Amino acid sequence: MARKRRGDPVHGWLVIDKEPGITSAKVVYKARKILNAAKVGHSGTLDPLATGVLPLAFGEATKTVSYMMDGKKEYRFTVQWGEARDTDDAEGVVIETSDHRPNEDEIKAKLGNFIGEIEQVPPAYSAIKVDGERAYKLARAEKSVELKARKIFIERFELLEMPDADHATFEVTSGKGVYIRGLARDLARELGTVGHISALRRTRVGPFNEKDAISLDKLEELGHNTAAVDILRPVETALDDIPALALTEDEARRLRCGQSVSALDVAKRTPLTDIDQGATICAMADGKVVALARIEGGEIRPFRVLNF
């Protein structure tokens, strides 16, 4: 007999403004403890050095994390020229130096090379698995780490300011799977020098931005009363880009049991002309998500049921 999960059945999204010096896993642990939640996860890890938007998924929202991670992300970061570090950020040790400092015109001339779909080799200190081991564990053990280049997408890459000759601050809008540390490393190489990230802040993940975020200290303050749970965003927040279909209670009951419902019956109430065969839809009833489903043939078939 499976053990009952400890904690309360809390469901929804909470956006934390992560402080520097703490891991994403530690944020999850603290938030779970404050809300006494049975289940919680996060959408997109932030390095300990980084700050900013870290969406936490509670309860049934954990079933929608992949959709949140598919959303656009925005970052603001500062590159320090002249020093390459083994972690590609300020927490690592210096492994190479250069006297060259790029000027504004040189930097702007190279940014276009990083727009669109490009290839990126992830940093050696990353969570990617190599032969079953995390790359960062191999790197810390001073073992050789060879990671393959992956396709990533950069929508926007802008130079904001150059406070001095050694530093430049940028903003980036990207798709999933982008390592900003790797982007800074590669830009420096393109400019004929070396560099690393000295400051990094994530300002947006999918529908969430800095205005939606609260600190762990604020969450702890709210945790002493019912206000903490009240600030959670609905589970369906992560599904804003997925077409929603309203179901009757009987149809919702069938989907909750893993059974299909007739797409034709739903189409009599809501036209399905804009939804292709095989498309994922968000099945709703009484304003709440019932399931994620696909339209296949003449049926709406659930593949992920949410239970509240």
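## A guided look at the strands, charges and cores

Tutor: Welcome! Here five strands form an open sheet with mixed pairing, in the order β14-β16-β17-β18-β15; strands are DSSP runs of E, at least two residues long, and helices are runs of H or I of at least four, both numbered from the N terminus. This is a predicted model, in which local features need pLDDT of at least 70 and side-chain atom pairs count only at pLDDT 80 or more, while totals for chains, interfaces and linings use all residues. Residues are numbered from 1 along each chain as its sequence is written, and side-chain values use heavy atoms, without hydrogens and water.

Student: Which are the edge strands of this sheet?

Tutor: Two strands pair if DSSP finds at least two bridges between them. An edge strand pairs on one side only. That description fits β14 (244–246) and β15 (261–262).

Student: What is the bridge partner of alanine 291 in β18?

Tutor: Look at strand β17 (residues 288–296) and strand β18 (residues 299–305), which pair in the antiparallel sense over six bridges. In β18, alanine 291 is matched with valine 305.

Student: How many bridges join β4 to strand β12?

Tutor: Strand β4 (residues 73–81) runs antiparallel to strand β11 (residues 167–174), with eight bridges between them; threonine 78 has threonine 169 as its partner there. β4 is also antiparallel to β12 (residues 195–205), where tyrosine 75 partners arginine 202. The bridges joining β4 to β12 number nine.

Student: Lysine 73 lies in strand β4. Which side chain of opposite charge is nearest to it, and how far away?

Tutor: Lysine 73 is buried, meaning under 20% relative accessible area, where exposed is over 50% and partly exposed is in between (1.4 Å probe, protein chains only). Lys and Arg count as positive, Asp and Glu as negative, and His and the chain ends are not counted. Lysine 73 has no salt bridge, which would take a side-chain nitrogen of Lys or Arg within 4 Å of a carboxyl oxygen of Asp or Glu. The nearest side chain of opposite charge is aspartate 70, at 6.9 Å.

Student: Which residue's backbone oxygen lies 2.7 Å from a polar atom of the lysine 73 side chain?

Tutor: Among the residues that lysine 73 touches are Val172, Ser174 and Arg204, where touching means heavy atoms within 4.5 Å. That list leaves out residues up to four places away in sequence. The backbone oxygen at 2.7 Å belongs to methionine 69.

Student: Is arginine 201 buried or exposed?

Tutor: Side chains of opposite charge can pair when their charged atoms come close. Arginine 201 meets glutamate 210 in a salt bridge (2.7 Å, N to O), and Asp17, Arg76, Arg201 and Glu210 are linked in a salt-bridge network. Glutamate 210 is partly exposed at 32% relative accessible area. Arginine 201, at 18%, is buried.

Student: Where do glutamate 221 and lysine 218 both lie?

Tutor: Their side chains meet in a salt bridge (3.6 Å, N to O). They are three residues apart, about one turn of the helix. Both lie in helix α6 (residues 216–222).

Student: Which helix gives the most to the largest nonpolar core?

Tutor: A nonpolar core is a set of buried Ala, Val, Leu, Ile, Met, Phe, Trp, Tyr and Cys residues joined through side-chain atoms within 4.5 Å. The largest has 45 residues, and Leu56, Phe58 and Trp81 are among those touching the most other members. With five residues, the helix that gives the most to this core is α5 (residues 180–190).

Definitions and conventions: Polar contact = N/O pair within 3.5 Å; in protein donor to acceptor, adjacent residues only side chain to side chain.
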